[in-house]
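Please read the following note alongside the coordinates. The points are numbered so that each can be checked in turn.

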Amino acid sequence: MSKLSTNELIEQINTLLNERIEDSSLNTNLEESMRYSLNAGGKRIRPLLVLLTLNVLNEDYNKGIQTALALEMIHTYSLVHDDLPAMDNDDYRRGKLTNHKVYGEWKAILAGDALLTKAFEVVANDKLLKPDVKVKVISRLAHASGHLGMVGGQTLDMESEEDSSVDLTTLEQIHRAKTGALLQFAILSAADIAEVSDSISTALEKFSDNLGLMFQIKDDLLDIYGDEQKLGKKVGSDLENNKSTYVSLLGKDGAEEKLEWHRNAAIEALNSLKTHYDITPLLDIVELFYNRDH
Ligand code: GRG
């Protein structure tokens, strides 16, 4: 498979995301609010992961485009709702005012709801996926974003707030569900689309589980030791909110060691695929997650 240019893929994702949110004859500015958060400068890690994984699996990446768009819509809705006063109550995200600060609370709730439902419409209307594969992807997406996945993780996180007795097992449970489920979906939906064997799928499951935890450990480290300018938000919010994090439970060195451990486990899972595929782009993602500064 030819090497894909990440910048070109991001451009394609950005254009298509805007096209999918068509203007409505209802003349509300709900679409403006949906587009505001979709265009607010996300790194597009999840859609990129779908497309790069497909390419690694020697499958046409175009088959994953609608799935990738849907995933970014769900990720965006989760951030819009996470920022609301009832949850994190944040005024800024990615250096820009949060959705409810610009459009008001009820509209931010509805923009999030509309992004979530749109995501399923986008995959359902995908013309490149075979019906059985499409149903598998839709089911996986619903599972990863719902009460057994992201929403469940967010609930456990909210319930554990201000609870300084949260242990590492609970913390991992929160993050596997809240952050990991969507990252894992990115990789396993590509496995569904490429129709890989069970053994390949198991290796990808192990890889994505470790990648998801790496992402969160890095997030916890950046929340204390990151650069506000690069992050586009205040650092220290976890400390301020008395939240249990990898750093609060393990200290800086312990969190860094844990990050390293999951990096090695992710690489080991990928190495088991080496005889079948050129895994280099996924190894690059591991390094990106390990070294990211925003
Ligand atoms: C409200 C149902 C509901 C869920 C919210 C994921 C989540 C669940 C909230 C986000 C809280 C948070 C900051 C988690 C840390 C990891 C994370 C998901 C960071 C944001 O993802 P990035 O860095 O975001 O990929 P960008 O801005 O690049 O899109």
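**Notes on cavities, ligand shell and pocket**

1. The lining of the largest cavity draws at least two residues from each of helix H2 (30-38), H4 and strand S2 (96-97), and among these contributions that of H4 is the greatest, with three residues. The model under review is a predicted one, and the remarks below should be read with that in mind.

2. The largest cavity has a volume of about 90 Å³, and its lining comprises 13 residues, of which Ser37, Asp83, Arg93, Arg94 and Asn99 lie nearest the centre. Sorted by class, this lining holds five nonpolar, four polar and four charged residues. A search of the whole structure finds two cavities of 30 Å³ or more, and the second is taken up next.

3. The second largest cavity has a volume of about 40 Å³, and it is lined by Asp157, Ser160, Glu161, Val166, Leu171, Ile174, Lys243 and Ser244. The elements that give two or more residues to the lining of this cavity are H8 and H9. The class division of the lining is three nonpolar, two polar and three charged residues.

4. Turning to the ligand, the shell around it consists of 19 residues, of which Lys43, Arg46, His75, Arg94 and Asp219 come nearest. By class, this shell has six nonpolar, seven polar and six charged residues. At least two shell residues come from each of helix H4 (65-82), helix H8 (150-160), helix H9 (168-194) and helix H10 (198-225), and H4 gives the most, with six residues.

5. Which side chains place an N or O atom 2.5 Å, 2.7 Å and 2.6 Å from an oxygen atom of the ligand? The distance of 2.5 Å belongs to an N or O atom in the side chain of Lys43, that of 2.7 Å to one in the side chain of Arg46, and that of 2.6 Å to one in the side chain of Arg94. The ligand taken alone exposes 700 Å², and the protein buries 92% of that area.

6. Arg94 deserves a separate look, since several of the features above involve this residue. Arg94 lies in the loop between strand S1 (92-93) and S2, and it has a positive phi of about 50 degrees although it is not a glycine. In general, most residues other than glycine have a negative phi. With a relative accessibility of 24%, Arg94 counts as partly exposed, because buried would require a value under 20% and exposed one over 50%. In the model, Arg94 is among the residues that come nearest the ligand, and it is also among those nearest the centre of the largest cavity.

7. Glu195 may be checked in the same connection: its phi is near 50 degrees, a positive value in a residue other than glycine, and its place is in the loop between H9 and H10. Is Glu195 buried or partly exposed? Its relative accessible area is 48%, so Glu195 is classed as partly exposed, the limit for exposed being over 50%.

8. Within helix H4, Ser78 is buried, with a relative accessible area of 16%. A polar atom of the side chain of Ser78 lies 2.8 Å from the backbone oxygen of His75, and His75 is itself one of the residues that come nearest the ligand.

9. Ala144 is found in helix H7 (residues 131-145) and is buried, because its relative accessible area of 7% falls under the 20% limit. Ala144 and Ala181 are separated by 37 residues in sequence, while their C-alpha atoms are 5.1 Å apart in space.

10. Lastly, the second largest pocket has a volume of about 530 Å³ and is lined by 23 residues, of which Thr6, Leu52, Pro281, Asp284 and Ile285 lie nearest its centre. Helix H1 (6-20), helix H3 (45-56) and helix H14 (280-291) are the elements that give two or more residues to this lining, and H14 gives the most, with six residues. The residues of the lining divide into 11 nonpolar, seven polar and five charged.

Notes:
Residues numbered from 1 in each chain as written. Predicted model: local features only at pLDDT ≥ 70, side-chain atom pairs only at ≥ 80, totals over all residues. Heavy atoms only, no water. Near = heavy atom within 4 Å. Polar contact = N/O pair within 3.5 Å; in protein donor to acceptor, adjacent residues only side chain to side chain. Areas by Shrake-Rupley, 256 points an atom, 1.4 Å probe, with all protein chains shown as cover. Helix = DSSP H or I, 4+ residues; strand = E, 2+ residues; numbered from the N terminus. Nonpolar A, V, L, I, M, F, W, Y, C, P; charged D, E, K, R; others polar. 1 Å grid on protein atoms, 1.4 Å probe; cavity = no way out; pocket = protein on both sides within 12 Å on 5 of 7 lines; lining within 4 Å. Points joined across faces, edges and corners; volume = space filled by probe spheres on them. Buried < 20%, exposed > 50% of the residue type's maximum accessible area, 1.4 Å probe, protein only.
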